[in-house]
Amino acid sequence: MSVAATETARPWMVVRPLVEDLDLGPGLDPGLAQAALQRLVASGGLQAVVVFGSRARGAAKFASDLDLVVQGQADAAYLAQSRWHVMGDVAREGRVLYVAG
């Protein structure tokens, strides 16, 4: 699989630093969300953090939930193989916030 195909099919496998200036829409404090993600990433053992759903699409309302995929390194390749798993939704609409390097 080419790098471009991997980015399209499994964007959570392409190294990316944690997104700065995080804005996930109304109802979430960007500073608090950024601090929480920084603590999560610093805990180690993560492959990726991906937001999906209305907040990834930019369609969130004030009371919208926050849909996050937090993948351990062992999970990423396994879950990527399932077309019917929630990871299919993540691959189609997810916004990658971090991928380990």
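The following exchange asks how the labels given to helix H2 and to some residues outside it are justified.

User: What kind of model is this, and how are its residues numbered?
Analyst: This is a predicted model, in which local features need pLDDT of at least 70 and side-chain atom pairs count only at pLDDT 80 or more, while totals for chains, interfaces and linings use all residues. Residues are numbered from 1 along each chain as its sequence is written, and side-chain values use heavy atoms, with hydrogens and water left out.

User: Why is Leu-37 called buried?
Analyst: Leu-37 has a relative accessible area of 6%, and buried means under 20%, exposed over 50% and partly exposed in between, with a 1.4 Å probe and protein chains only; Leu-37 is therefore buried. Leu-37 lies in helix H2, residues 30-42, where helices are DSSP runs of H or I with at least four residues, strands are runs of E with at least two, and both are numbered from the N terminus.

User: Which residues does Leu-37 contact beyond its neighbours within four places in sequence?
Analyst: Leu-37 is in contact with Leu-18, Leu-22, Val-49, Leu-68 and Leu-97, contact meaning heavy atoms within 4.5 Å. Of these partners, Val-49 is 12 residues from Leu-37 in sequence and 8.5 Å away in space, C-alpha to C-alpha.

User: How do you know that the length of H2 agrees with its number of residues?
Analyst: The expected span is 1.5 Å times one less than the number of residues, so the 13 residues of H2 should span 18 Å, and the end C-alpha atoms are indeed 18 Å apart, which agrees.

User: What makes the buried residues of H2 lie on one side or on several?
Analyst: The buried residues of H2 are Ala-33, Gln-34, Leu-37 and Val-41. They cover an arc of only 100 degrees around the axis, so they are on the same side of H2, the arc being that of the directions from the helix axis to the C-beta atoms. These buried residues pack against strand S1 (46-52), strand S2 (67-72) and strand S3 (95-99), whereas the face turned away from the buried side carries the exposed residues Leu-32, Arg-39 and Ala-42.

User: Why does Asp-21 count as exposed, and what is its phi?
Analyst: Asp-21 has 75% relative accessibility and therefore counts as exposed; it lies in the loop between helix H1 (3-9) and H2. Its phi is positive, about 55 degrees, although Asp-21 is not a glycine. Most residues other than glycine have a negative phi.
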